[in-house]
Amino acid sequence: MKLNIRITQDEHAAFQAVAEASGLTVSEAVRHLVRQASDRLAIQVDELDAIAAARRELSAVGNNLNQIARLGAVGRLTWNARDAALVRKVGARVDDLVEEVVHLLSALRAKQGLGDQASPFAIAADASAEASK
């Protein structure tokens with residue numbers, strides 16, 4: 001769908017400059033603002049990639065745990081000190097991944113609001129308002 005709006009040349013230049021500085025096209029920047037205004041997370045490509053990588057790692061850990069459970073269920077699993085150390089290592093990695101995902105989601109939520117001063121669009125809007133006075 002296409003949206004046509006009217007803005008001044010100064011507003012267009014300011015918006016385009018902020019969009020480019022953020023590594024976005026003007027269309028992407030507008031969609032970003034719409035997502036923020038509608039309380040939807042505005043996720044950048046690198047953030048999506050980080051979340052996808054964490055999901056893949058957690059999935060691999062889950063597969064390994066399922067394999068261990070199946071071996072235990074059929075009586076083919078014997079434990080020794082090395083196995084216990086590996087399980088602790090897997091548990092620590094899962095904790096790290098969960099912490100990473102929580103951090104990513106917290107960062108996304110923090111920049112979600114239109115009034116968020118961390119957003120380059122909020123800063124540009126403030127500068128544009130000051131310039132028009």
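The protein chain exposes about 9900 Å² of surface, and carbon and sulfur atoms supply 57% of that area. These values, like the others below, come from a predicted model. Of the 133 residues in the protein chain, 17% are buried.

The secondary structure consists of five helices and zero strands, so that the pattern read along the sequence is α-α-α-α-α. Contacts within the chain frequently join separate stretches of sequence: among contacts with a separation of 6 or more, 65% are between residues 24 or more positions apart.

The beginning of the chain offers a helix pair to examine. Helix α1 covers residues 9–21 and helix α2 covers residues 26–37; the two pack with their axes 9 Å apart and at an angle of about 90°. Because angles of 65 to 115 degrees count as roughly perpendicular, α1 is described as roughly perpendicular to α2. On the α1 side, the contact is formed by Phe15, Gln16 and Ala19. These residues meet Val26, Ala29, Val30 and Leu33 of α2. By residue class, the contact of α1 with α2 comprises six nonpolar residues, one polar residue and no charged residue.

Charged side chains enter the picture elsewhere in the chain. Side chains of opposite charge can pair when their charged atoms come close. The structure holds one salt bridge, which joins Glu57 to Arg93. The closest N and O atoms of this pair are 2.7 Å apart, and the pair satisfies the salt-bridge criterion because the cut-off is 4 Å.

The salt bridge also links distant parts of the chain. Glu57 lies in helix α3, which spans residues 45–73, whereas Arg93 lies in helix α4, which spans residues 81–110; the two residues are 36 residues apart. Are these partners buried or exposed? Glu57 has a relative accessible area of 34% and is therefore partly exposed. Arg93, at 31% relative accessibility, likewise counts as partly exposed. Both assignments follow because the partly exposed class lies between the 20% limit for buried residues and the 50% limit for exposed ones.

Conventions. Residues numbered from 1 in each chain as written. Predicted model: local features only at pLDDT ≥ 70, side-chain atom pairs only at ≥ 80, totals over all residues. Heavy atoms only, no water. Axes fitted to C-alpha atoms, helices over the stretch in contact; angles between N-to-C directions. Helix = DSSP H or I, 4+ residues; strand = E, 2+ residues; numbered from the N terminus. Parallel < 35°, antiparallel > 145°, perpendicular 65-115°, else oblique. Contact = heavy atoms within 4.5 Å. Nonpolar A, V, L, I, M, F, W, Y, C, P; charged D, E, K, R; others polar. Salt bridge = Lys/Arg side-chain N within 4 Å of Asp/Glu carboxyl O. Buried < 20%, exposed > 50% of the residue type's maximum accessible area, 1.4 Å probe, protein only. Areas by Shrake-Rupley, 256 points an atom, 1.4 Å probe, with all protein chains shown as cover.
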